[in-house]
Amino acid sequence: MRFHYVCSDCGREFRTEDLMYQCPDCSRENDGSHFPKGNLIVELEDDVLKAAAAKEHVTPNDFYPYPSDDPEAYPIGVTPLMRPRRIQERLDLPRLSFKLDSQLISGSFKDRASYEVALQAKALGEKRIVLASTGNAGAAASAVGAAMGLDIILFVPETAPLNKLMQSVLYGAHVVPVKGSYDDAFALSIEYTKMHGGINRNTAYNPMTIEGKKSISIELFEQMGRKAPDVIYVPVGDGCIIAGVAKGFRDLMKAGLSERMPRLVACQSTASDAISRAIEHDDYRAISATTRADSISVDLPANGRMAAAYVKDSGGWAVTVDDKDILDSQITLTRLAGVLAEPAAATAYAALEKDREHLASELGREAEAVVLLTGTGFKDMKAFDGRASIPPAIENSVEALKMLSF
Ligand SMILES: Cc1ncc(COP(=O)(O)O)c(C=O)c1O
């Protein structure tokens, strides 16, 4: 075995080759009123870390608990690291960069987790993956499933953006829209897995999701010349992406490759701020989320405890922004960077805009800051309704050109 599990709450170790989701002791306390306990952390064995450390360049595959023998079958990254010059000037942050995970095959960061869970399914001889999603994780699992020949059963809130649902249908998944919230779909998908078997890919509930997501840090480390950036702004809902970012740097540090952990900034909407409350006030209660940034609209963050702990350990902080600033940031990103981001992804940029003076006072204007742009805006063009429209057609004549004011 390349790894074992450790409970993130009680620290108990589990050495097993069987499928495992949560610590049986700690998860018994979960009743839906507070962030769940008992999520597992995957610890790689020393020989795996040593082998990675000996390489001139590392790839995510060196750090996966279930590595791939055919990474080209569904390539994960390397996604572009953009230096957005006009935004750097606007914010007076000359070393700012954007990590464009909207460029992954299904259009969001979620390919990272889905890929590692698909590798887990292959290794364990399972054909079926079950999950709940706000839309992107479902589309990602469906895309990976199509490429790797796995059956995907997907529970989504019926209000999820049409394109995300349509994507999953087109990839051939069994899509089950639920008359309820994402949190309701989450609970139903776990019941379905208990009834019908397969691997449950729910974010953080399956510890391999964090292992897949950590791949972004391995990429960033190599893209930045084998070092960690100073600070990373991450859009946060369940807290699985930000925990994955932390875990990647933790593994790099354990291997003796990275000298430090970047500061992690949890970026949320004021209308879905459960993890920010945990970071700032140690408040782990469920909330009632209402943000338009659907991918980060979460009442009970599945990985809230681990995410809050990782942010605090990194010396990081939380930033909340209101929905108007999130939607305005989408326009800023398109107009000044040529990047079309969905609302959840734009939240990380909106948070940086709000936080820039604080960032400069903490780490200086020359700080190497990275914003994770986690999903493409093409999936949710309705978010632009009322804010942008196509101009009326002109007559097909040279005369009509004289009427144009530009
Ligand atoms: C585009 C995008 N950004 C950010 C997030 C937030 O990730 P997490 O729920 O792991 O915090 C999601 C989750 O669905 C997402 O789809």
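The exercises below, each with a worked solution, explore the fold, the helix packing and some single residues of one predicted protein model.

Residues are numbered from 1 along each chain as its sequence is written. Because the model is predicted, local features need pLDDT of at least 70 and side-chain atom pairs count only at pLDDT 80 or more, while totals for chains, interfaces and linings use all residues.

**Exercise 1. The whole chain**

Find how many helices and strands the chain has, and decide how compact the chain is for 406 residues.

Solution. Begin with the secondary structure, where helices (H or I, at least four residues) and strands (E, at least two) are DSSP runs numbered from the N terminus. On this basis the chain holds 15 helices and 13 strands. Next take the radius of gyration, computed over C-alpha atoms, and set it beside the globule rule, which is 2.2 Å times the number of residues to the power 0.38. The chain has a radius of gyration of 21 Å, close to the 22 Å from the rule for 406 residues, so the chain is as compact as a globular protein of that length. Along the principal axes, the C-alpha atoms fill a box of roughly 75 × 45 × 45 Å.

Then turn to burial, for which a residue is buried if 20 or more other C-beta atoms lie within 10 Å of its own, exposed if 12 or fewer, and partly exposed in between, with C-beta atoms placed from the backbone. Of the 406 residues in the chain, 54% are buried. Finally, call two residues in contact if their C-beta atoms, placed from the backbone, lie within 7 Å. Among contacts with a separation of 6 or more, 73% join residues 24 or more positions apart.

**Exercise 2. Two pairs of packed helices**

Work out how H9 and helix H10 (residues 240–254) are arranged, and then do the same for helix H5 (residues 136–148) and helix H6 (residues 162–171).

Solution. Two packed helices are described by the angle between their axes and the distance between the axes. The axes are lines fitted to C-alpha atoms, for helices over the stretch in contact, and the angles run from 0 to 180 degrees between N-to-C directions. Angles under 35 degrees count as roughly parallel, over 145 as roughly antiparallel, 65 to 115 as roughly perpendicular and the rest as oblique.

For H9 and H10, the angle is about 55° and the axes lie 7 Å apart, and H9 and H10 are therefore oblique to each other. The crossing is right-handed, a word used if the near helix is turned clockwise from the far one by less than a right angle, whereas an anticlockwise turn is left-handed. The residues that meet include Phe221 in H9 and Phe249 in H10. By class, this contact of H9 with H10 has 6 nonpolar, 4 polar and no charged residues, where Ala, Val, Leu, Ile, Met, Phe, Trp, Tyr, Cys and Pro count as nonpolar, Asp, Glu, Lys and Arg as charged, and the others, Gly among them, as polar.

For H5 and H6, the angle is about 15° with the axes 8 Å apart, and these helices are therefore roughly parallel to each other. Their crossing is left-handed. The contact of H5 with H6 divides into 4 nonpolar, 6 polar and 1 charged residues.

**Exercise 3. Backbone angles in loops**

Decide whether Asp92 is buried or exposed, and describe its phi; then treat Arg226 in like manner.

Solution. Most residues other than glycine have a negative phi, and most peptide bonds are trans. Asp92, in the loop between helix H3 (85–91) and strand S5 (97–100), has a positive phi near 55°. With 11 C-beta neighbours inside 10 Å, Asp92 counts as exposed. Arg226, in the loop between helix H9 (215–223) and strand S10 (231–235), has a positive phi near 60°, and its 14 C-beta neighbours inside 10 Å make Arg226 partly exposed. As for the peptide bond, the one from Gly77 to Val78 is cis, with omega near 5°.

**Exercise 4. A residue with its surroundings**

Determine where Val236 lies and which residues it touches.

Solution. Val236 sits in the loop between S10 and H10. Val236 is buried, because 37 other C-beta atoms lie within 10 Å. Not counting residues up to four places away in sequence, Val236 touches Ile242, Ala266, Cys267, Gln268, Ile275, Ile296 and Ala307. One of these, Ile275, is among the buried residues of helix H11 (residues 274–281).
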